Structure formats: C-alpha cells, structure tokens
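Visitor: I would like a close look at one part of this protein. Please start with the whole, then zoom in.

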Amino acid sequence: MTVVQPLPRTARAYILCAALGAGACALPALLPPSPTPWATAGLLAALYALGELPARCRLLGRFPSGSGGSGGSVPVGAGSFFPVLLAAALLLPPAAAALTALPGCLLARVDEAPAGWRRTWRTAATALATWAAAHTAAALHAPAALATGPGAPDVPRALAAALGAALVLCLVLTALDTGVRALADGLPLRAARRGHLGRALAPHLVHGLAGLMMAVLWRSPYGPAAALLVLLPMYLSCWVFAQYHRERAAHQSTIRALVQAVDIKDSYTRGHSERVGHASVLIARELGMDGDRLDTVRFAGILHDVGKLGVPTRVLRKDGPLTPEERRIIELHPEYGHEMIRGIGFLGEAREAVLHHHERIDGSGYPYGLRGEEIPECARIVAVADAFDAMTSTRSYSRARPVATALAELERCAGSHFDPRMVDALTRALGRFCRKPAVTADEPAGPGAQVPAPRTSAAQPKEPA
C-alpha cells in the first residue's frame, strides 16, 4: 500500500494564495456593471467542461486530466482542451475568460492524492493563466483584429495576439507549477522547473493556433457551431494520447508488481528498490538529465534487483557469509533481471543498467568485467545509488552508517569501483536534500527523509560486488 505524505504547509499556503488570486481575477465579471457577454462565456465554459467528460465516463475511456508528479507535487498538466480557454482569452474580457476555466477544472477527474488540493490547484492555476492570457490578447488588440466588418478579421494581428496569449498561458502555468513542485517536493527552483517549459511550449503554441481558429469561426457568419469543428481534431489527439497514457500506466503497474515481489522475497531489503530509484534521480538531476532520461534512470534504480526473483530464497535470506557456490548463484541476478524486463520496450537504457549495475570502473565487477566508459552511464549512476543505500540501511549483517561516513567510503572507492562524477553528483545533491543522518531499510522514511537507500561492495554486503 502506498503511503501518501501530506503536503507541506508552505505548499498548502501557496495553493490557497493562488486560489484567492484566481477568485480576485474572476470577481469583476460578476460585479455590476459587468461587461461580460454571458452567452459567449457560458457556452465556452460548457465546452471546456465537456472536455472533461471523457475522464469521467467509462464508456469513453479515461483521459488524463493532468500530469502526474513525484512525491507530493500537484502539477497542473497541459489540457487537450486549452484551445477553448485560448479562444475565451481572445473573445472575452480577462475576468470572464478566467471564469470559463472554473467549471471544467472543478469537474476534472483527479486520480492521485491529495485529490482536493490537486483539484484546487488546477482550478486556481488555470484560471490565473487564462486571465493573464486574456490581458495579453487585449494588449495585442485581439478584439479589434477579430471584429466583424469589411476586411475583418485582421489575420496577422490576430495571429500575433493568439500566439502571445498562448505563450503567456504557458509561461504562467510553468511558473506556478514550478513553485508548487518546489514547495511540495522540497526541490530547488532550478530542479523543479527543469525541462517543463521546453516540453510545454510547442503544445501550447499549437493550442494557440487552434484557439485562434475557434475565435475566428466564432465571429464569422457561421457562428459558434462552426467553431465546434475545431474541437474534433483536438478530441482525437486527446484520445490518442489517452491510449499512450494507459499503456504507460500498465507498464508502471507491472514495474510496481515486480518490485513488490522482490520486497516480499527478500524482506531484509524491503523498500530498497524505491530508495535506489530516488537516489538515482538525485544523481541524474545533478548531471543535468531531465524528461524521459530522468524516468529511465528512475526505472533502472527501481528495477536493478528484480533478478533476485530468480535467486533461491534461502540464499537471499542467509544471515551468515555466503559460500563460493552461493556467491556464484547470487552473481547471476543482474542477468536474470535483464531477461525478465527485456520485453518492456519503453525501459530503454534501464535494461542495460539492470544488467551492468555491479560492474566496476576498474573492471573487477560482474557479470562481464566491463571497465570505465564501457559501463553504461545509467548503470554507473545506479551503482553509486545502490552503494549509498547499502551503507545507510540496517541489515541483518550490518548496522546503518551515517551519511557522512557512507559518502567518505564512496569517495575512497571513486575511480576504482565507482565513477567519480556520480559520487560527486550524489554528494552535491545530499548537501541540499539530506535532512536525516541515516535512512534504514527496516524503518519507514518519514516526511523529512529525502534520501533513498542502495547497496554495494563498499558497504561490505552479503551480496558480492
């Protein structure tokens, strides 16, 4: 069972401030004398809310309503029906445009806890971003460019307004999302924002063009009915993305099942895999990795010991020293693991990390005795994370060492057993994130425990290195 850590107070305060800000932005639309064109605002709000229907209707399939996050983060995610909001930014006053986001966001399906805070955050952030986008569109003279009459619309000005509004929407969402990630996950701002703007910018600009098409058709003689045609390709793209999302979720469920099976079989290292995955991500972030590469490193850390499912339980749970024959048996676990996951296509380099995470820089490791740059980078990351966890975790055959002692041992073995770059990256990361002197495998890590825990030769483990 997954234990959900509560959001830190600072993150909750941040979300509440965003909600109050969104309310202040939308309030003028409700106060007299209000210039809000309620027919247009109501129809656009209904269309955006309708976009959330697939996420709630089992017959239509589950559509992702927001991007997931690590730990306690509550990111907004990029909605497939943002063209409706961007059309509202082009057609409505800012306060009314902010209102159009509220029903859809409040109705959005939220699968991850804490659901209430996630829904509040998504609603507030989306309303604020739409309000800012509408102000940008007004500053770029979108109403005049879309006005009906001879020679209208003014396409170049309308295009500039639409792209400007989409850019501001993206920037505001990214900035707000960065703040909540930093506070919820305890990350520095640089790490919290890394990669998010680059991945979001192109989709938002495409949404801006779709929103412009909706706005132009809305103001045309054909009216709102013609504007609805723009939503059809967006709906189809949402459906395609949903298939990918479900496939990826199925793979992740498979990974969780494998890790749970390892934890059950080797009770001394329960939680070890998750902690190695966490520590591997800390190292990878320090090396500048992000996006899919970061996911690959995390999967590699989580799955590095999955091959132990092929090792006899009596060997894994033996309290005393291993015999030479038992050592040869346990040394096969990287190859077992590689064979087990070779059919999971999206793991990519993670498969090689599972196979080579016990190789050493000087060539004295196993299973193939690779040395230096012959060892895949992902495997070198997992090796250091694994070693750190072994030394900072209590086992039946050893007591947990303090973090400083473990890092000193990694430094001593850097250049022979471990890649010095990976050791340096872990040291830097722990300097920012480590809030406890040790994290043990037989005790649950509390909210202050930011560091997972791995295992290797430097820790003098039962398992050969």
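Visitor: Among contacts between residues at least 6 apart in sequence, what share joins residues at least 24 apart? And what does helix 2 look like, along with the parts around it?

Guide: The share is 74%. Keep in mind that this is a predicted model. The chain has 465 residues, and 51% of them count as buried. There are 21 helices and zero strands. About 20200 Å² of the protein is exposed, with 63% of that area supplied by carbon and sulfur atoms.

Now zoom in on helix 2. It runs over residues 38–50, which makes 13 residues. From first C-alpha to last it reaches 18 Å, close to the 18 Å expected at 1.5 Å a residue. Several of its residues are buried: Thr40, Ala41, Leu44, Ala45, Leu47, Tyr48 and Ala49. Here is a rule for reading such a list. An α-helix has 3.6 residues a turn, so residues three or four places apart point the same way.

Step back one loop, to the stretch between helix 1 and helix 2. Leu31 is found there. Its relative accessible area is 41%, which falls between 20% and 50%, so Leu31 counts as partly exposed. Leu31 joins Leu27, Leu30 and Trp38 in a nonpolar surface patch of about 400 Å². Pro33 sits in this loop too. A cis peptide bond joins Pro32 and Pro33, with omega about -10°. Another cis bond joins Tyr366 and Pro367, and its omega is about 10°. Pro367 belongs to the loop between helix 18 (350–356) and helix 19 (377–391).

Return to helix 2 and look inward. In soluble globular proteins, nonpolar side chains tend to be buried together. The largest nonpolar core here has 60 residues, and Leu44, Leu90, Leu92 and Met214 touch the most other members. Helix 2 is one of the helices that each supply at least two residues of this core; others include helix 1 (9–26), helix 4 (82–91), helix 6 (115–139) and helix 10 (196–219). Helix 8 gives the largest share, ten residues.

Pick out Leu92. Which residues does leucine 92 touch, not counting those up to four places away in sequence? They are Pro37, Thr40, Ala41, Leu44, Ala97, Thr100 and Ala134. A second core is separate from the one just described; it has 49 residues, including Leu258, Leu294, Phe418 and Met422.

Next, follow helix 6, a contributor to the largest core. Why does its length agree with the expected span? At 1.5 Å a residue, 25 residues should span 36 Å, and the end C-alpha atoms are 36 Å apart. His141 follows this helix and lies in the loop between helix 6 and helix 7. Phi of His141 is near 65°, a positive value in a residue other than glycine. At 47% relative accessibility, His141 counts as partly exposed.

Compare a histidine in helix 10, His204. Its relative accessible area is 3%, under the 20% cut-off, so His204 is buried. His204 and Leu169 are 35 residues apart in sequence, and their C-alpha atoms are 7.8 Å apart.

Farther along the chain, Ala425 is found in helix 21 (residues 420–433). Its relative accessible area is 0%, so Ala425 is buried. Leaving aside neighbours within four places in sequence, Ala425 is in contact with Ile283, Glu286 and Leu287. Its C-alpha is 8.0 Å from that of Leu282, though 143 residues separate the two along the chain.

Finish with charges. The count of salt bridges is 14. In one of them, Arg157 meets Asp154 at 3.7 Å, N to O. Arg157 is partly exposed at 36%, and Asp154 is partly exposed at 28%. Another bridge pairs Glu377 with Arg293, with the closest N and O atoms 3.0 Å apart. This pair links distant parts of the chain: Glu377 is in helix 19, Arg293 is in helix 14 (residues 291–303), and they are 84 residues apart. At 31% relative accessibility, Arg293 counts as partly exposed. Shared partners join Arg293, Glu349, Glu377 and Arg421 into one salt-bridge network. Asp305 and Lys308 form a bridge too, at 3.3 Å between the closest N and O atoms. Both Asp305 and Lys308 are buried.

How values were computed
Residues numbered from 1 in each chain as written. Predicted model: local features only at pLDDT ≥ 70, side-chain atom pairs only at ≥ 80, totals over all residues. Heavy atoms only, no water. Helix = DSSP H or I, 4+ residues; strand = E, 2+ residues; numbered from the N terminus. Expected span 1.5 Å × (residues − 1). Buried < 20%, exposed > 50% of the residue type's maximum accessible area, 1.4 Å probe, protein only. Core = buried A, V, L, I, M, F, W, Y, C linked by side-chain atoms within 4.5 Å. Contact = heavy atoms within 4.5 Å. Areas by Shrake-Rupley, 256 points an atom, 1.4 Å probe, with all protein chains shown as cover. Patch = residues over 30% accessible without salt bridge, like charges linked within 9 Å, V, L, I, M, F, W, Y side chains within 5 Å. Salt bridge = Lys/Arg side-chain N within 4 Å of Asp/Glu carboxyl O.
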